[in-house]
Amino acid sequence: MSMFRWDVVDPAPGQAVAPHQRLGWGKTAGLGAQHVVAMFGATFVFPIVMGLNANLAIMMSGIATICFLLIVKNKVPSYLGTSASFVGGAGAVYAQGGGPEDVTGAILVAGVVLALVGLVIHFFGARVVNAVLPPVVTGAVVMLIGFNLAPVATQTYMPADPWVAIITMTAVILMAVGLRGFFGRIAIFLGLIFGYVLSVVVDKIFGKTSLPVPGNPEPGAHWRVDWSAVKEADWFGFPQHTAEGLVGNQTELNNLGAVGWHLPDFSLTFALLVLPAVIALVAENVGHVKAVAEMTETDLDPVMGRAVAADGVGTVIASAVGGSPTTTYAENIGVMAATRVYSTAAYYVAAVVAILLGLVPKFGEIVNHTPPAVLGGITLVLYGMIGLLGAKIWKENDVNFADPVNLVPLAAGIILAIGDASLKITDDFSLNGIALGTLVTVIGYHLARLVAPRVNDDGTIIAVGGTGTHASPEGDETDSGAAPGRHRD
């Protein structure tokens with residue numbers, strides 16, 4: 001029981017609270033509630049776009065968080081919310097004729113692989129993974145995952161009401177940039193509430209719309225917000241069982257209410273479509289652990305592998321009953337940075353609240369009936385942010401794109417993914433979009449390294465220039481520091 005004992009402290013203003021410490025239970029409960037709100041928006045938005053049950057996702061995020069804390073022995077304060085990295089893979093499974101059970105089966109396999117990667121890191125160090133997946137590769141995979149999703153935002157959700165989508169998107173941008181501290185960190189959640197209210201107001205002013213909804217290009221006159229199913233839902237209960245024989249993303253088919261808990265189905269074909277997300281999760285987890293280590297001024301490298309493996313275990317547990325994949329959440333790390341309270345006790349409180357919230361079917365129906373245009377506005381921001389996170393990885397690791405080894409294979413892989421290209425392997429199996437782009441990126445990079453000369457001969461210099469070629473000039477414009485024949489922007 002020592003794991004559930006914390007030193008009670010009353011810190012001076014500005015003094016940090018360590019993971020093994022806690023405030024009084026009243027204040028700890030308040031902090032736990034903050035963590036619930038911080039993870040809330042993304043944790044139920046992503047299950048919706050993956051065609052999975054939001055109530056179940058919230059509930060299993062709490063259970064996964066408790067498992068994570070136990071595995072890392074309370075040394076890494078973090079919340080496990082729904083991972084965005086699997087959205088593209090889920091879409092690929094649906095495109096191949098799969099259903100919700102196939103998606104969660106593929107995600108479970110990815111969770112097992114992630115847990116195994118965590119064990120490798122634990123016993124052999126992160127250098128083994130970095131050798132196979134250096135920052136130049138992980139950045140590219142994260143980028144192609146995000147940008148591959150662009151058509152979902154623009155062609156599936158946004159047409160339901162383009163103006164509502166654009167206004168919601170604008171609100172998210174303004175709140176994310178203009179609000180400070182805690183409220184800035186939950187801009188996605190606030191944006192979703194704003195979009196919901198906006199849709200109600202638009203219904204009141206303009207009446208019904210005949211614009212298309214996901215899965216139905218000619219739905220006839222309908223309200224943007226329809227809460228008839230919300231009124232009929234119970235206040236307390238376990239999510240229902242998923243209906244039999246579902247194929248495709250039920251959100252896009254306007255049938256999300258038919259998805260609940262279920263046992264996963266397994267297919268090697270579908271698993272391969274989802275596995276690229278593991279690369280993104282490894283990069284994400286390692287980055288988050290390093291961020292927490294820096295904030296707490298603690299060496300967390302010895303538990304790095306445990307943290308990655310724990311995320312894999314959380315994903316396995318959640319997907320085993322039809323829930324969503326999990327990952328450590330930057331939103332909650334942001335809350336810790338703002339409050340300087342790193343107590344794991346607050347995360348246990350947040351996890352319990354999430355589990356209880358998952359047992360409220362009425363809440364689930366409210367989430368399920370989020371207007372598609374609102375999802376469109378939010379995903380315009382979210383998917384773009386995922387893609388640009390790849391560029392952030394490149395920048396922070398000083399990736400040199402004047403080197404053709406870094407430039408050429410990544411360029412091909414990213415375009416294959418963004419263009420959602422398809423390569424037929426057999427009659428029953430083909431590689432599409434994210435999976436194909438990831439394979440080309442990883443294999444192409446290592447092949448390029450094998451054949452590249454030891455001395456750089458500027459093989460792609462004509463196309464992209466060398467280091468500094470595109471830098472803005474500093475000082476006198478007549479400075480001749482640039483190489484002859486190269487331009488300055």
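What share of the contacts in the protein chain with a separation of 6 or more is accounted for by residues 24 or more positions apart? In this predicted model, such residues account for 76% of those contacts. The protein chain comprises 489 residues, of which 53% are buried. Its secondary structure consists of 21 helices and six strands.

Two individual positions illustrate contacts between separate parts of the sequence. Ser 78 lies in the loop that connects α2 (54–71) with β3 (80–82). With a relative accessible area of 2%, Ser 78 is buried, because this value falls under 20%. When residues up to four places away in sequence are set aside, Ser 78 is in contact with Thr 65, Phe 68 and Leu 69, and also with Thr 328, Tyr 329 and Tyr 347. Val 113, by contrast, is partly exposed, its relative accessible area being 29%. This residue belongs to helix α4, which spans residues 100–124. Leu 275 and Val 278 are the residues touched by Val 113, again leaving out those up to four places away in sequence. A separation of 9.0 Å is found between the C-alpha atoms of Val 113 and Ala 309, although these positions lie 196 residues apart in terms of their distance along the chain.

Aromatic side chains were examined next. One aromatic pair was counted in the model. It is formed by Trp 394 and Phe 401, whose ring centres are 4.8 Å apart. The planes of these two rings meet at 75 degrees, and the pair is therefore edge-to-face, the cut-off for this class being over 60 degrees. The two partners fall into separate accessibility classes: Trp 394 is buried, at 13% relative accessibility, whereas Phe 401 is partly exposed, at 26%. Another aromatic residue, Trp 235, is involved in an arrangement with a charged side chain. The charged end of Lys 362 sits over the ring of Trp 235, at a distance of 5.1 Å from the ring centre.

The analysis of internal space gave one cavity of 30 Å³ or more. The volume of the largest cavity is about 40 Å³. Its lining is made up of Ser 85, Phe 86, Gly 88, Gly 89, Ile 145, Leu 273, Val 274, Pro 276, Ala 277 and Ile 434. Helices α3 (87–95), α12 (268–274) and α13 (276–296) each give two or more residues to this lining. In terms of residue class, seven of the lining residues of the largest cavity are nonpolar and three are polar, while none is charged.

Open space was also considered. The second largest pocket encloses about 530 Å³. This pocket is lined by 27 residues, and those closest to its centre are Arg 224, Asn 254, His 369, Thr 370 and Pro 372. At least two lining residues come from each of α11 (228–232) and α18 (372–396). The greatest contribution to the lining of the second largest pocket is that of α18, which provides three residues. The lining of this pocket contains 12 nonpolar and 12 polar residues, together with three charged ones. Charged residues are thus represented in the lining of the second largest pocket, whereas the lining of the largest cavity has none.

Notes
Residues are numbered from 1 along each chain as its sequence is written. This is a predicted model: local features need pLDDT of at least 70, side-chain atom pairs count only at pLDDT 80 or more; totals for chains, interfaces and linings use all residues. Side-chain values use heavy atoms; hydrogens and water are left out. Rings of Phe, Tyr and Trp (its six-membered ring) pair if their centres lie within 6.5 Å; planes under 30 degrees apart count as stacked, over 60 as edge-to-face and the rest as tilted. Buried means under 20% relative accessible area, exposed over 50%, partly exposed in between (1.4 Å probe, protein chains only). A charge sits over a ring if NZ of Lys or CZ of Arg is within 6 Å of the ring centre and within 35 degrees of the ring normal. Helices (H or I, at least four residues) and strands (E, at least two) are DSSP runs, numbered from the N terminus. Contact means heavy atoms within 4.5 Å. On a 1 Å grid over the protein atoms alone, a cavity is a set of points where a 1.4 Å probe fits but cannot get out, and a pocket is an open set with protein on both sides within 12 Å along at least five of seven lines; lining residues have an atom within 4 Å of a point. Grid points are joined across faces, edges and corners, and a volume is the space filled by probe spheres set on the points. Ala, Val, Leu, Ile, Met, Phe, Trp, Tyr, Cys and Pro count as nonpolar, Asp, Glu, Lys and Arg as charged, and the others, Gly among them, as polar.
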